[in-house]
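Work through the exercises below with the sequence and the structure open beside you. Try each task before reading its solution.

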Amino acid sequence: MSPTRRRCSTGKQIDAWRARECLRYKARKDVIMPQYAIERLHALTRHKDVYITTEVGQQPMWAAQFFKFEEPNRWMTSGGLGTMGYGLPATIGVQMAHPKSLVIDIAGDASVLMTMQKCRRGAVSAAGSRSSSSTISTWGW
Ligand SMILES: Cc1ncc(C[n+]2csc(CCOP(=O)(O)OP(=O)(O)O)c2C)c(N)n1
Ligand SMILES: [Mg+2]
């Protein structure tokens, strides 16, 4: 097959994939769809200089797919195989580097929990107090 024909069939294949609209989602009345929330976040902040950080899980995928990045180096993520709890400290670091910009951590509920130890440590250090915790075998007890 000539390179021209190969490009042509590749283009058709890509068109067929695009036609599936694999990112399409159904709006619901009972919940705010995460995809919609991220689309709105983009729409409402697009006039600002925005940096996005993420945690790990489904939300970095939605952030990549539904926040329409318009500048390079604006998406700070630990990646799909990265560490939960990355986003909040990353947000603080990016905000310190870009004090006039808007920095947003798109986080999942479980990843936020992973940052609680850091918040606790920061709060305790800032207050100059000490803190102890007990060790338990499971959550919820
Ligand atoms: C420190 C750490 N522990 C465990 C994991 C494995 N892990 C990856 S995603 C995930 C769940 C993430 O849930 P949530 O933050 O609620 O994100 P969602 O998928 O709901 O967007 C877990 C446990 C990890 N990546 N990092
Ligand atoms: Mg979650």
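**Exercise 1.** Decide whether Asp 105 is buried or exposed, and state which residues it is in contact with.

Solution. Step 1: locate the residue. Asp 105 is found in strand β3; the model shown here is a predicted one.
Step 2: count neighbours. Asp 105 has 24 C-beta neighbours inside 10 Å.
Step 3: compare with the cut-off. A residue is buried if 20 or more other C-beta atoms lie within 10 Å of its own, so Asp 105 counts as buried.
Step 4: list the contacts. With neighbours within four places in sequence left aside, Asp 105 touches Thr 53, Gly 87, Leu 88 and Thr 91.
Step 5: check one distance. Asp 105 and Tyr 86 are 19 residues apart along the chain, and their C-alpha atoms are separated by 9.5 Å.

**Exercise 2.** Work out the order of the strands in the sheet and the sense of their pairing.

Solution. Step 1: list the elements. The protein chain contains five helices and three strands, and along the sequence these give the pattern α-α-β-α-β-α-β-α.
Step 2: take the pairs of β1 in turn. Strand β1 (residues 50-54) is joined to strand β3 (residues 102-106) by five bridges, and these two run parallel. β1 also pairs with strand β2 (residues 75-76), again in the parallel sense, over two bridges.
Step 3: check the pairs by residue. Val 50 has Leu 102 as its bridge partner in β3, and Tyr 51 stands opposite Val 103 in β3. On the β2 side, Ile 52 stands opposite Trp 75.
Step 4: assemble the sheet. The three strands form an open sheet in the order β2-β1-β3, with parallel pairing. β2 and β3 are the edge strands, since each pairs on one side only.
Step 5: follow the connection from β1 to β2. Together with helix α3 (residues 59-66), these strands make a right-handed β-α-β unit.

**Exercise 3.** How many residues of β1 and of β3 are buried?

Solution. Step 1: take β1. Four of its five residues are buried, so β1 is largely enclosed by the rest of the structure.
Step 2: take β3. Four of its five residues are buried, and the strand is mostly covered.
Step 3: set this against the chain. Of the 141 residues of the protein chain, 18% count as buried.

**Exercise 4.** Find out where Glu 21 and Asn 73 lie, and what is notable about phi in each.

Solution. Step 1: recall the usual case. Most residues other than glycine have a negative phi.
Step 2: take Glu 21. Its phi is near 50 degrees, a positive value in a residue other than glycine. Glu 21 sits in the loop between α1 and α2. It has 8 C-beta neighbours inside 10 Å, and therefore counts as exposed.
Step 3: take Asn 73. Its phi is positive, about 60 degrees, although Asn 73 is not a glycine. The residue lies in the loop between α3 and β2. Asn 73 is exposed, because 7 other C-beta atoms lie within 10 Å.

**Exercise 5.** Describe the surroundings of ligand 1, and place Leu 113 in the fold.

Solution. Step 1: count the shell. Ligand 1 is surrounded by 13 residues, the closest being Gly 57, Gln 58, Gly 108, Ala 110 and Ser 111.
Step 2: sort the shell by class. It has four nonpolar, seven polar and two charged residues.
Step 3: find the main contributor. Helix α5 (residues 109-127) gives the most to this shell, with four residues.
Step 4: turn to Leu 113, which lies in helix α5. Leu 113 has 13 other C-beta atoms within 10 Å, so it is partly exposed.
Step 5: relate Leu 113 to Met 84. The two are 29 residues apart in sequence, and 8.9 Å apart in space from C-alpha to C-alpha.

**Exercise 6.** Which elements have the lowest and the highest mean pLDDT?

Solution. Step 1: take the whole chain. The average pLDDT is 87, and 87% of the residues score at least 70.
Step 2: compare the elements. Helix α1 (residues 3-19) has the lowest mean pLDDT, 81, and helix α2 (residues 34-45) has the highest, 96.
Step 3: apply the reading rule. Where pLDDT is low, the predicted coordinates should not be read in detail.

Note on methods. Residues are numbered from 1 along each chain as its sequence is written. Chains are lettered from A and ligands numbered from 1 in the order in which they are written. This is a predicted model: local features need pLDDT of at least 70, side-chain atom pairs count only at pLDDT 80 or more; totals for chains, interfaces and linings use all residues. A residue is near a molecule or strand if its C-beta atom, placed from the backbone, lies within 6 Å of it. Ala, Val, Leu, Ile, Met, Phe, Trp, Tyr, Cys and Pro count as nonpolar, Asp, Glu, Lys and Arg as charged, and the others, Gly among them, as polar. A residue is buried if 20 or more other C-beta atoms lie within 10 Å of its own, exposed if 12 or fewer, and partly exposed in between; C-beta atoms are placed from the backbone. Two strands pair if DSSP finds at least two bridges between them. A crossover is right-handed if, with the strands pointing away from the viewer, the path from the first strand over the helix to the second runs clockwise. pLDDT is the predictor's confidence in each residue, from 0 to 100. Two residues are in contact if their C-beta atoms, placed from the backbone, lie within 7 Å.
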